[in-house]
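Q: Please take a close look at the charged side-chain pairs in this model. I should like a connected account of how they sit in the structure and of the chains that carry them.

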Amino acid sequence: MTTTEETPAEGVPAQPGGAEEIDGLGASPMADTAMSKAMGTYPFATDLWAEGLLWGTLVRSPHPHARIVRINTESAFRLPGVQAVVTAADIPGDPLTGEPVADRPVLARDVVRHHGEPVAAVAADHPDTARLAAAAVEVEYELLEPVPDPERSFHAPPLHPDGNQVRHLPLRFGAPDDPAAVGEVVVEGLYRIGRQDPAPVGTEAGLAVPRPDGGVELHLSSTDPHGDRDRAAAFLGLEPERVRLVAAGVPGAVGEREDISLTAALGLLALRTGRPVKMAFSREDALLGHVHRHPAVLRYRHHADRDGRLIKVEGQLVLDGGPYADGSEETLATLVALAAGPYVVPHVRVDGWVMRTTNPPAGRLPGEGALQACFGYEAQMDKLAAKLGLDPVEMRARNVLATGDIMPTSQTVTCPAPVADLLKAVMAEPLPEVAADGGEELLPGGTGGAADLTQVRRGIGFAVGMVPLLGIEGADEVSTATVRVLPVYEDLEGAASGVECVVECAAVDTGSGFATLAAQIVRETLGVVRVRVTGADSDQPAAGPSARGRQVWVSGGAVERAAGMVRKQLLQPMADELGMSVELLSLRDDRVVSYDGRYARPIGELLGGRELWASAQYRPHPTEPLDENGQGDAFAGLAFAAMRAVVDVDVELGSVRVVEVAVAQDVGRALNPRQVRARIEAGVTLGVGAALMEDLRTDAGGRVVNASFGGYRVPTALDAPVVRVAALLEERDVVATFGAKGVGAVPAVVTPAAVAAAVRSATGRAVQRVPVRSADAVERRS
Amino acid sequence: MLPGSLDEAVAALDAVPAAVPVAGGTDLMPAINSGRLRPEALVGLGRVKEMRGWRYLEDGRALLGAGLTLARIGQPDFGALVPALAAAARTAGPPHVRNAATLGGNVVSAAPTADTLPVLVALEAEVTVAGSAGRRDVPVSHLLTGLDPLGPGEVLVCLRVPLLHAPQVYLKAQARTGPSRSAASVAVVLDPARRGVRCAVGGVAPVPLRPLDAEAWVASVIDWDGGRRIAREALAAFGDYVAAACVPEPAGAPRSEALAAERLRRTIAVLARRGLGRALA
């Protein structure tokens, strides 16, 4: 009676493969939105529309540092079609915003502190009129000296009332001042990391609709609906309940996505005019306005003994935080705590600073802080290996961290840390062949056709690296999810023909695959085939921002708990009836089956027309802030990866192409192997961008010079290397949901270090800066 | 407005002086869409029959319609006739841009990094422009340098390039593997009938540069009768000669600019040396 029957497949999105096993954990169902995104029909925030909407635009500062003497909006306002012009003087609520430190004016009031800082906002009935009006806003500036160099910021006049130093974090571990704590071999290095832009495919866009109760509804491609709502409400002087934020389709997100100046200006303009207002940033707007990766200057001194064992790591690490704090404190903590890398070091003395500058703002990107550190410590490990005459991989193998070791923050590594195994896995991977028939576009210099085969050298570089998972230093990570099981009525007669599960969670799927995973979790727990994950908005309980690998762990944990509670409600009556415990019943293909297969009933029958639901909250174990010596259990989890990059360099022109990146990664558990691979490929590509080309540059006067995709180059398909996954090590992290670790950030962190090492091996040059410039990859000739 | 013939196009531009002609639109439309440009009217040149296609001329040259797309010019048949022009067209951006962008548009937009321009300058191409006052022929370099610019209401109709029946090379240094703007580019064209080498350097100045002295010198050291051989040292010297001619020493400039000039010179020297080397190989 429980033989295979046709499973109700109606309404289930088409799955490649078709077998029902593909839906649970460990399988690789495709994202529901994959087809519509590939075909261009998926609605993104730029597609939003409302009847009678106005178009908003921002007036940005052309100067990196200036005092605002006077703003005259008269002539702009008098243009026909212009409905509102607002400046800092019109802000009803808190003029300062920022997370966790509110130090950023939404619209500049007295001083502008970076090129492109918003000064005013305009709403008009046509985008052209809005642009014209923005140009007609007269702002009189008194120019101030820009401070583009974070190291000069220490002694520069204060750029901000809070001072130029956002944070100083010293770390002392072991006995770094003990005269005996010196290595026989010492290497020093100075490293620089450029300013990577998150460069999402779609720029920031949104629509604000005023509500009859005086509130406002914001439709944004937000990745943090509650955070963005609260910030907008504070700025608008409204209670958070009167601001509703609906997450619109996210056209790519790398870290935190929304630019608060867009959110706030939209809300203010909608309230001012009483009409819906839409704003969509140009690429220039986006490149100037949103937060970037922290440029860094790292000075390192590594000590090792004759056997290649690390004795001491010393470092002075300076981050360019841009003018406002944003996520800089957390970035610095990550940078300092991970400054020695995934290695055991008895003595550490590191000092890190985030300084304010008049450069574009810096904030959270994947692996922020960890990427900068990895480039530095891995370069140092190669230097040590060279000085000791050791193989770079052997040098690393002698020092790698393992579970149970103590990090320089005195935190014991309790999660799986299979660094040695990861290194072995990438080592074992066969090298790519030197293919001469790939066509000129696959040579360095690519489509320019300038490469000369006799001048192309191949280089191989290794790197290992690590990232923290979830928020660090006591950040409150919490998420709530609701799972419902309800009967589905296919005809009007009223007979339930099936069941459906609905997952409600405010976690935004940025393309990271959370929605797909949430459905997989529910299928695994409840055996229901048809699962729908609703859109996120701020009326639901908060789920936190989609960043730092947290949604699978935190929101996934909440979904799992809620689904577990529903499972119990569903099965208890049947278990009672049969006189067996709930554990002896399993749910599969919309049916409940007893352990011996003797009893089986459709879930729809058990529901009896009712709906069952449960809400659950998930909060991972707490972390603590780093103390004045950089000590403390600041991390909830860690993820590791090892990589081998193979590059081809035209050593006369200095053009570099990454041929292949072999990755071995510690994933805890691959919940959806295909998504894991896709995330690794995405991370590697992001890392290749940081390693070879992505750098938002400023001129001597502090102005951004390449705010377009013509000047700011991102990797194309031809620049993306072959990503060879050597191993996904699945050693479950017992504290994480399903034992899974966030997978997106760590490949981005390790790639620049591995690529730089490969360029060093090809050219013999030092390569102390990423992105690698062609001048640094030219072979020196006598 | 979508005129079907050159006369109609010229008449349309004459009637609305503020109208802007548009061919592929790959430069113009982004400017319009982002609000930087708001022309009163557009005159689409896509249907102007005089601008389409190409043919041989009796004087040994080829006449190329201004409306030829870069994708078309990149095809193998052009590769056999004007190899450097075809190579340049193939490197000019991703396929969807090359499918729309036109040769004439490349000349009229005159971007410093435009890929076909160094080749057209090295080939000493001639362009025909038409306006209400009639047609006239202009050397492409005169048009680009502003010596004889496109007048109001004038459109570029076609280009004439010599068919030299000899190797030509276009090389471009760029900062990524995929399509991007050139950091510097070099076109090298051999003219065996006149025992000449012509070279133009793009991407380093507002218009392509011709290192005439370097050309004349290197033409004198090539063994034209003995399989076009050249000494290795002469090849390297040609590269340095071209680079020195195209990138001036920054006078009293800060060290960073001097270093940048040095790097650019090295890049051009490598491109010119490789370019000529391949043409003579």
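A: A residue is called buried when its relative accessible area is under 20%, exposed when it is over 50%, and partly exposed in between. That scale is needed throughout what follows, and the model to which it is applied is a predicted one.

The pair B:R61 and B:D59 is a convenient place to begin. These two residues form a salt bridge in which the closest N and O atoms are 3.0 Å apart. B:D59 has a relative accessibility of 48%, which lies between the two cut-offs, so B:D59 counts as partly exposed. Chain B also holds a network of salt bridges, linking B:E124, B:D191, B:R194, B:R198, B:R210 and B:E215. Over all chains, the salt bridges number 64.

Chain A supplies two further pairs. One of them joins A:E140 and A:R70, whose side chains meet with an N to O distance of 3.2 Å. This salt bridge links distant parts of the chain: A:E140 belongs to strand β8 (residues 138–143) of chain A and A:R70 to strand β2 (residues 66–72) of chain A, with their positions 70 residues apart in sequence. Both partners are accessible to some degree. A:E140 is partly exposed at a relative accessible area of 35%, and A:R70 is likewise partly exposed, its value being 41%.

The other pair is local in sequence. A:D128 and A:R131 form a salt bridge with their closest N and O atoms 2.5 Å apart. Both residues lie in helix α3 (residues 127–136) of chain A, and because they are 3 residues apart, about one helical turn separates them. The general geometry of helices is relevant here: an α-helix has 3.6 residues a turn, so residues three or four places apart point the same way. The two partners fall into separate accessibility classes. A:D128 has a relative accessibility of 15%, which is under the 20% cut-off, so A:D128 counts as buried. A:R131, at 31%, counts as partly exposed.

A:R131 also leads to a neighbouring strand residue. A:T57, located in strand β1 (residues 54–60) of chain A, touches A:R131 as well as A:A120, A:A121, A:V122, A:A130, A:A134 and A:M279, leaving aside residues up to four places away in sequence. With a relative accessible area of 15%, A:T57 is buried. A:R131 thus has a salt-bridge partner in A:D128 and a contact with A:T57.

Elsewhere in chain A, helix α7 (residues 328–337) shows burial along a whole element. Of its 10 residues, 9 are buried, so the helix is largely enclosed by the rest of the structure. The buried residues are A:S328, A:E330, A:T331, A:L332, A:A333, A:T334, A:L335, A:V336 and A:A337. Their cover includes strands β9 (165–173), β15 (296–304), β16 (310–320), β17 (347–355) and β18 (456–469) of chain A, together with helix α8 (370–388) of chain A.

These local features belong to a chain with 15 helices and 29 strands. The radius of gyration of chain A is 27 Å, close to the 28 Å that the globule rule gives for 782 residues, so chain A is as compact as a globular protein of that length. Along the principal axes, the C-alpha atoms of chain A fill a box of roughly 85 × 75 × 55 Å. Buried residues account for 62% of the 782 residues of chain A. Among contacts in chain A with a separation of 6 or more, 79% involve residues 24 or more positions apart. Chain A carries 73 positive and 104 negative charges, and the mean positions of the two sets are 4 Å apart. Its accessible surface comes to about 28600 Å², with 51% belonging to carbon and sulfur atoms.

Chain B, the setting of the B:R61 and B:D59 pair, has 12 helices and 10 strands. Its radius of gyration is 19 Å, close to the 19 Å given by the globule rule for 281 residues, so chain B is as compact as a globular protein of that length. The C-alpha trace of chain B spans about 60 × 50 × 35 Å along its principal axes. Of its 281 residues, 50% are buried. Among contacts in chain B between residues at least 6 apart in sequence, those joining residues at least 24 apart make up 58%. The charged side chains of chain B comprise 30 positive and 25 negative ones, with the centres of the two sets 8 Å apart. The accessible surface of chain B comes to about 12400 Å², and carbon and sulfur atoms contribute 54% of that area.

Key:
Residues are numbered from 1 along each chain as its sequence is written. Chains are lettered from A and ligands numbered from 1 in the order in which they are written. This is a predicted model: local features need pLDDT of at least 70, side-chain atom pairs count only at pLDDT 80 or more; totals for chains, interfaces and linings use all residues. Side-chain values use heavy atoms; hydrogens and water are left out. Helices (H or I, at least four residues) and strands (E, at least two) are DSSP runs, numbered from the N terminus. The radius of gyration is taken over C-alpha atoms; the globule rule is 2.2 Å times the number of residues to the power 0.38. Buried means under 20% relative accessible area, exposed over 50%, partly exposed in between (1.4 Å probe, protein chains only). Contact means heavy atoms within 4.5 Å. Accessible areas come from the Shrake-Rupley method with a 1.4 Å probe; for residues, only the protein chains shown count as cover. Lys and Arg count as positive and Asp and Glu as negative; His and the chain ends are not counted. The place of a charge is taken as NZ of Lys, CZ of Arg, CG of Asp or CD of Glu. A salt bridge is a side-chain nitrogen of Lys or Arg within 4 Å of a carboxyl oxygen of Asp or Glu.
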